[in-house]
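Let's walk through this fold together, starting with one helix and working outwards. Keep the viewer open as you read.

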Amino acid sequence: IRRAVFVRDIFMTPIEIGEGIVLNNVLFEYGTSNLLEESFIELNKVVFLLQKNTTLKVELGGHTDNIGKPADNLRLSEQRAKAVYDYLVAHGIESQRLTYKGYGESQPVADNATPEGRQKNRRTTFTIIEN
């Protein structure tokens, strides 16, 4: 049996302190902080990154769209950021390297007037706070 071999060059850029990265495919059950199984692939990449870069300290940020009460969105965003924090700690990342914060609807990256914009605003971010 012959197997094809593929070579792929992947160009990496250094991560800077204060740089925020959106964690794509970190998904939750609607209206809850329960991580969906599809999220584990992305979160395992974060675990790997933190295992390979043992001096990094990061903040996990939770963000929502503007549907619902602002206080409820703030609470949900913090619960979701904590769920990601808990996942990373459960997978061997030292808790002192991690913080989490909920931002609710206060930092939109898109217009909340469209479903697509609201989807972009519902996100989890990963920000380097110390290297």
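**Starting from a helix**

Take helix α2, residues 70-90: at 1.5 Å a residue its 21 residues should span 30 Å, and the C-alpha atoms at its ends are indeed 30 Å apart, so the two figures agree. The expected span here is 1.5 Å times one less than the number of residues. Helices (H or I, at least four residues) and strands (E, at least two) are DSSP runs, numbered from the N terminus. A word on what you're looking at: this is a predicted model, where local features need pLDDT of at least 70 and side-chain atom pairs count only at pLDDT 80 or more, while totals for chains, interfaces and linings use all residues. Residues are numbered from 1 along each chain as its sequence is written, and side-chain values use heavy atoms, with hydrogens and water left out.

Which residues of α2 are buried? They are Asn73, Leu76, Ser77, Arg80, Ala81, Ala83, Val84, Tyr85, Tyr87 and Leu88. Buried means under 20% relative accessible area, exposed over 50%, and partly exposed in between (1.4 Å probe, protein chains only). Those buried residues pack against α1 (39-52), β2 (57-63), β3 (98-104) and β4 (123-130). After the helix comes Gly92, with a positive phi near 95 degrees.

Zooming out, the protein chain has three helices and four strands, and along the sequence they read β-α-β-α-β-α-β. The C-alpha trace spans about 55 × 35 × 25 Å along its principal axes. Of the 131 residues, 34% count as buried. Contact means heavy atoms within 4.5 Å; among contacts between residues at least 6 apart in sequence, 72% join residues at least 24 apart.

**The sheet**

The four strands make an open sheet with mixed pairing, in the order β1-β4-β2-β3. Two strands pair if DSSP finds at least two bridges between them. β1 (20-22) and β3 stand at the edges with a single partner strand each, so one side of each has no neighbour in the sheet. Neighbouring strands are turned by 25 degrees against each other on average, ignoring direction. β1 and β4 run antiparallel and are joined by three bridges; in one pairing, Val22 has Thr125 of β4 as its bridge partner. Our helix comes back here: α2 packs on the sheet, touching β2, β3 and β4, and its direction makes about 155 degrees with that of β3. For such angles, axes are lines fitted to C-alpha atoms, for helices over the stretch in contact, and angles run from 0 to 180 degrees between N-to-C directions.

**Charged pairs**

How many salt bridges are there? The count comes to five, where a salt bridge is a side-chain nitrogen of Lys or Arg within 4 Å of a carboxyl oxygen of Asp or Glu. One of them joins the side chains of Arg122 and Asp65 at 2.6 Å, N to O. That pair links distant parts of the chain: Arg122 sits in the loop between α3 (115-121) and β4, Asp65 in the loop between β2 and α2, and they are 57 residues apart. Arg122 is partly exposed, at 35% relative accessible area, whereas Asp65 is buried at 8%.

Back in the helix, Arg75 forms a salt bridge with Asp72, their closest N and O atoms being 2.6 Å apart. The two are three residues apart in α2, so about one helical turn separates them. Arg75 is partly exposed at 47%, and Asp72 is partly exposed at 37%. Glu94 and Arg97 form another salt bridge, with closest N and O atoms 3.1 Å apart; Glu94 is partly exposed at 37%, while Arg97 is buried at 8%.

**Two polar residues to click on**

Is His63, in strand β2, buried or exposed? His63 is buried, with a relative accessible area of 4%. Its side chain makes a polar contact of 3.3 Å with that of Thr125. A polar contact is a pair of N or O atoms within 3.5 Å; within protein, one must be able to donate a hydrogen and the other to accept it, and residues adjacent in sequence count only if both atoms are side-chain atoms. Leaving aside residues up to four places away in sequence, His63 touches Ser77, Tyr103, Gly104, Gln107, Asn121, Arg122, Arg123 and Thr125.

Ser106 lies in the loop between β3 and α3 and is exposed at 52%. A polar atom of the Ser106 side chain lies 2.7 Å from the backbone oxygen of Tyr103.
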